[in-house]
Amino acid sequence: MNNTIRKKYNKINNIAGWLAFAIATVTYLLTLEPTASLWDCGEFITTAYGLEVGHPPGAPLFMIMARFFSLFAPSPESVPYMVNSLSALASGFTILFLFWTITHLAKKIVLKDSLESLESLPIGKTIAIMGAGLTGALAYTFSDTFWFSAVEAEVYASSSFFTAIVFWCILKWEDCADQKRSNRWLILIAYLIGLSIGVHLLNLLAIPAIVFVYYFKKYKISKIGIIKTSALSILILGTVIYGVIPGIVTIASWFELLFVNSIGLPYNTGVIIYAILILTLIVIGIKYSIKKKKVILNTVILCFTMIVIGYSSYAMIVIRSSANTTIDENNPDNVFSLLSYLNRDQYGNRPLMFGQYYNAPALNYTNEGNVYAKLNNRYEVIDTKQGVEFDKRFTTIFPRMYSREPLHVSGYKFWGGTGGRSVNVEGKNLIIPSFGSNLKFFFSYQINFMYFRYFMWNFAGRQNDIQGHGDNIHGNWISGIPFLDNVRLGNQNELPDTLKNNKSRNTYFFFPLILGLLGLLIQLKKDKNNFWVVLLLFFFTGIAIVMYLNQTPYQPRERDYAYAGSFYAFAIWIGLGVLYIHDLLQTKISEKNSALAASIICLICVPTLMACQNWDDHDRSGRHATTAHAHNYLASCEKDAILFTFGDNDTFPLWYIQNVEKFRQDVRIVNLSLLAGDWYIDQQKKDYYTNKALKISFKNEQYRQGTRDWVLVNPVVERKFDIKEILNFIKSDNSEDKLSSQDGEYISYSPTKNVYFPVDSTYLINSGEVKPEDANRMVKRLDIVIPKTDLTKADMIVYDIIRENNWRRPVYFSIGMGKKEFLGLDKYFQLAGACYKLTPFLKQDTSGVETGSIDSESLYDTFMNKYKWGRIKEKDVYIDEFHKYTIGIIRYYNTAERLSAQLLNEDKKEKAIAVIDKIFTEIPISKIGLQPIMIYLADSYYRAGVPKKGDIICSKYIDEVFQFIKFYHSQGKNNYNAYAGEEERQINLYKAIVTTLLRNKREKLAQECQTKIESLYK
C-alpha cells in the first residue's frame, strides 16, 4: 500500500469536504432569519434561553446546545440569531458528512479493491469521486426542505446532523482495518443515537441501514441472512423506540411506586435505587464480558450504556421542571409526569397496524392505565387513561381513515372515495368504508400528496408556497417543462402574474431527479450491497414515516420537514449520478477530461440551478415580521393586561418577545389550548416577572386531570345567573347538584345558558379606565348566552378568571382565534389593534359581521405610533403565504379598513387617509398580493376625497380578475370544472369593484372594467 497516495487522496477528500461545508454554512448564515420565526421556533428560543420546559416530548439536548449558542449573543435581541446559527452550523456539518459519505460510496464504485487500489488511482477517478461528493452535497445544501430548516431555530437541522454523522460513522467502521478497535465506532454510534433522542427521534430511523452495513461486512450474504437481518433491524429499532425510551422510565415508575407508596419512603427514592441498580448491573455485565472474553456481549452492553448516557439529557427536563420555570409545559417533575410527557399523552394516539374507521360505533370505554399525582406524600390515582372499544365490523388492518373530525371525514371521502358496504347498527344503516377506499386514501393522499409531492418539490420543482389541498394551482410540484406540467395541472401558459411571478415558483427541469436516478442505477449495478443500505435509509426516513404518522387530511401546515432524511438519501444518489455521466463521457474523451466535464456539467445543472431558483424565497435575512407581530399584540394591551391566545403562532412569538427581549412582562399571556391542563392552571396562580398571579376560585382538586374535564350545559332554568353562581354550582361536589349518568356516575353541569358578569362601574370610572363622558354608555352587566352545549375545563377557567378579576386588570382576546373561543363575550369587544379588549360597552351596530366596536382615537394611536412592521416593505424581504395568513398580516388591512371607515364616519378624513396610506406603505401590494379587503380601502379613498388612489387599486384588481378568469377559460373542458367555484369568486370580486366605482361616481372606470371582463365571455 502506498501511504503517500492514500494520504494525498485523504487530503483532497478532506479539503473538498470542508469546501462543501464552507459553501453550505456561508449560504445558511447569509440567509438566516435574524429573529424568531413561526410555529415552534419562538418556543424553542425561549425555552433554550431560560432552560425551560417546552412541549412534549421535549428536546433537552437541543435546548442545551441552543443555550450555549445564546451565551454569545451581545444583546437579548440577538439571541434568536445565535440560536438560528446553531441550525446553520448543524446543517453545514450535515453537508460535510454527506460529502464524505458520497465519496466513500463513490470510491467503492470506482475502485475494484477498495483502498488497496488507491496506489494506482488515476487523477481522473479522483476528480470524478470529488465531483460526485460536491454535486450531491451541494444539491442537498440548496434543496427546498433542508434549506428551510437550516435557517431557523427548529430541531430538524440538528436531527439531520445526527443522521448524517451516524451514517458516516458506520461507513468508517466498515473501512476500519483494525478489527479489534473497529467496535469503538459502534459504541460511538450508540452514544450519538442516545444523544439524538434529546433532539428528535428521526435519527433512529437510520438503524436498519446501520444493521445491514454490519451484516454485509461480517457475514456471507444469503436469503435467510437477509430475512434475519431485516427482522433484527426492525427489532432493534422497535426496542429503542418502544423499549429503551419509554421503558427505562416505565420501570423507574414501578420502583418509585413500590418504594414511595408501599414502603413509605420519600419521593424519588425508587428512581434513585433503580438508577443505582442499572449502574450496578452494567458494571457487573462489563466485568463478566471482559473476564469471559465475550466481545459481542461487551459491545452490546457498552452500546446500551452509551445510549442511556446520551438519553440522560432528559434529566434536565425533570430538573428544570422541579425549579418551576416560567414555561413548564406538562410539569414533568416526577417519573410519572415524565412518562406522560415522553409518550405525548396530551396529543392522543392514532391506530397504526390495526384499528377503526372514522365512523366506527363506540361500544365501550376501556381502562388503559392509571394517572398518578403527588398527593399526601404518596402517589395517588387521580384519573385513568381511557381507550375505546369499537364495533369489530368497522375495524381493519392498516387503518388509514380513522379520525372522526368532520373536516377529516370529508377529506377521506375526497381522496379515498365513498365505497363500502351497508350494515345495520341499532336501526341505522351505516356504511363501512371498503379496504380499497382505505388503500386509495393511503396511496393518493398519504403517499402521493404528503410524500411524493414533497419529494418532487426538492428534485423537480415547486409550483408555489401556497398550501393546497388537492387543487391544481396551489402547492403542487412542477418541472418547468410546459407540456409535462400542462398534462397534470392544466394549461400553465396563461397563469396570472401573481402566480407566475411568485418567488417560490422554482423549476429544476427534472435535472436533480434524473441525476439521482442515474446514481441509483450505477450503484445498483456496481455496488449492490451499499445500494440496499442507501435504499433502506431512503425507505425508513420516507415511506416508513408516512406509514407511522398516518396523517389526516387538511394538515395545518406543510409537513415536508419530516422527510428530510429521505431526501438526504436521494442526494447520495444524485452525487453518484456524476459517475454515471463520467462513464458515458469517457467512451468519447479521456478519463480525466470526462471526469472534469461530468463534474462541471452536473454542478451547473443541479446545485447551481437549485441555488439560483431557491435563493430568493429561502433568504430570510431581513425578515422581522413574526416578532413585529408579537410586539404589536402586546403593544395593543394596556398595563397589567390579561391576554387570551390560542394557537402556536398566537403564543410562541409572544413568549419569545416577553421572556427573551423582556418586552411587556406586565401582560399575562394565557393560552386557551393549554388551559385544559391542570398544571397550566396551577401556573396561572403564580407571579411571573412583573405580572401578578391570576385570581382563580377553583381549587386544584376541583380541576385536576380527570375532574370536570368538561361539563354539560343543560338549560333547565331560563333566568339569568351571575356566572359566579353557576361556577360555584359546577364546583359543587354535592350529588344533588349533578346529573346522574347511565353508568351511575355523577356529572357536573350548568343549569342555564343565560349568565352575566357584573360591571364594577365605580371602580372603572375612579380608575380612569372609563372616561367620564362614556359613563352613560356603560352597561350594568355583561349579559351573554353560553354558545356551547358543553363547556371544557378551559372555558370554565376563562369565565372564572374574568369574573374573579372583576375589571381590575384589562382583559383581551387574540384577534387570531375563532369566534367560538370568545365564549359569547364578543358583543362587548372593542378592537384594540392586534387583539380585542373586553369592555363594559355593548357594540351598537350588531348587524355587521365584524367583531368589536372601535375607539378611533385609541386605535389610531396604536396603529400609527405603536405598531412595528418587521421590514415587510423592504425589497430584500420575502413574505411567504404563512406569514400572510397564519400570523395575520392580512388582518392588518382589515384593521386599517375598519379604522379608516370609522374615522370617515367621524369626518376625520386626513387621519383616514393617513391610515390607508400607512398600510399600503408598510405592507405593499407587491408583498402580499391583492386582497378583497383592498376594495373596501379603495372605497374609503373615494369617500376621503382622493379618487386617484382608489382608481389605482381598482384598476390593479380588475387586471388580476381578468387574468384569473382568462386562465380558467384556458383550461379546456376537462379541467375547467375544477375552477368553476374559483371563477364565481372572481366574478363576485369584479361585481364588488364595479359597484364600488359606480357608488363613488367613477362611471368611466367602471365601464372600462365591464368592457374588459365582458370581452372574456364573447
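Two strands are taken to pair if DSSP finds at least two bridges between them. In this predicted model, strand S13 and strand S14 (residues 746–750) meet that condition, because 3 bridges join them in the antiparallel sense. Within this pairing, Lys738 has Ser748 in S14 as its bridge partner. Both strands belong to an open sheet of 4 strands, arranged in the order S13-S14-S11-S17 with mixed pairing. The edges of this sheet are strand S13 (738–740) and strand S17 (790–792), each of which pairs on one side only. On average, and with direction ignored, neighbouring strands of this sheet are turned by 45° against each other.

Another open sheet contains 5 strands, which follow the order S10-S9-S18-S20-S19, and its pairing is likewise mixed. Strand S10 (668–671) and strand S19 (829–831) stand at its edges with a single partner strand each, so one side of each is left without a neighbour in the sheet. From one strand to the next, the twist averages 30°. At the S10 edge, strand S9 (residues 642–645) and S10 run parallel and are paired over 4 bridges, and Phe644 has Val670 in S10 as its bridge partner.

A hairpin is formed by strands S5 and S6, with 2 residues between the strands. Strand S5 (residues 420–425) and strand S6 (residues 428–433) run antiparallel and are joined by 6 bridges. In this arrangement Ser422 stands opposite Ile431 in S6, while Glu426 takes a positive phi near 50° in the hairpin. In general terms, the strands of a sheet pair through backbone hydrogen bonds, and this pairing can be either parallel or antiparallel.

Contacts between charged side chains were examined next. Side chains of opposite charge can pair when their charged atoms come close. The structure holds 38 salt bridges, one of which brings together the side chains of Glu591 and Lys125, with an N to O distance of 2.6 Å. This pair links distant parts of the chain, since Glu591 lies in helix H23 (residues 591–618) and Lys125 in helix H5 (residues 123–141), 466 residues apart. Glu591 has a relative accessibility of 21% and therefore counts as partly exposed, and Lys125, with a relative accessible area of 22%, is also partly exposed.

A further salt bridge joins the side chains of Lys385 and Asp345, where the N to O distance is 3.4 Å. Here too the pair links distant parts of the chain, with Lys385 in strand S3 (residues 378–390) and Asp345 in the loop between H14 and S1, 40 residues apart. The relative accessible area is 32% for Lys385, which is therefore partly exposed, and 31% for Asp345, which is likewise partly exposed.

The side chains of Arg808 and Asp760 also meet in a salt bridge, at 2.6 Å from N to O. The two residues lie 48 residues apart and in distant parts of the chain: Arg808 is in the loop between helix H30 (793–805) and strand S18 (811–814), whereas Asp760 is in the loop between strand S15 (754–758) and helix H29 (761–766). Arg808 is partly exposed, with a relative accessible area of 39%, and Asp760 is partly exposed as well, with a value of 21%. In addition, salt bridges that share partners join Glu33, Glu152, Arg620, Arg623 and Asp880 into one network.

The surface also carries a nonpolar patch of about 430 Å², made by Met353, Phe354, Ile397 and Phe435. Among these residues, Met353 is found in the loop between helix H14 (335–342) and strand S1 (354–356), and its relative accessible area of 57% makes this residue exposed.

As for the cysteines, the structure holds 0 disulfides. Cys602 is in no disulfide, and the nearest cysteine sulfur, which belongs to Cys605, is 7.1 Å away. Because a disulfide requires two cysteine sulfur atoms within 2.5 Å, this distance of 7.1 Å does not qualify. Cys602 counts as buried because its relative accessibility is 4%, a value under the 20% limit that defines the buried class. Cys41 likewise counts as buried, at a relative accessibility of 1%.

Note on methods: Residues are numbered from 1 along each chain as its sequence is written. This is a predicted model: local features need pLDDT of at least 70, side-chain atom pairs count only at pLDDT 80 or more; totals for chains, interfaces and linings use all residues. Side-chain values use heavy atoms; hydrogens and water are left out. Buried means under 20% relative accessible area, exposed over 50%, partly exposed in between (1.4 Å probe, protein chains only). Patches are made of residues with over 30% relative accessible area and no salt bridge: like charges are joined within 9 Å, nonpolar side chains (Val, Leu, Ile, Met, Phe, Trp, Tyr) within 5 Å. Accessible areas come from the Shrake-Rupley method with a 1.4 Å probe; for residues, only the protein chains shown count as cover. A salt bridge is a side-chain nitrogen of Lys or Arg within 4 Å of a carboxyl oxygen of Asp or Glu. Axes are lines fitted to C-alpha atoms, for helices over the stretch in contact, and angles run from 0 to 180 degrees between N-to-C directions.
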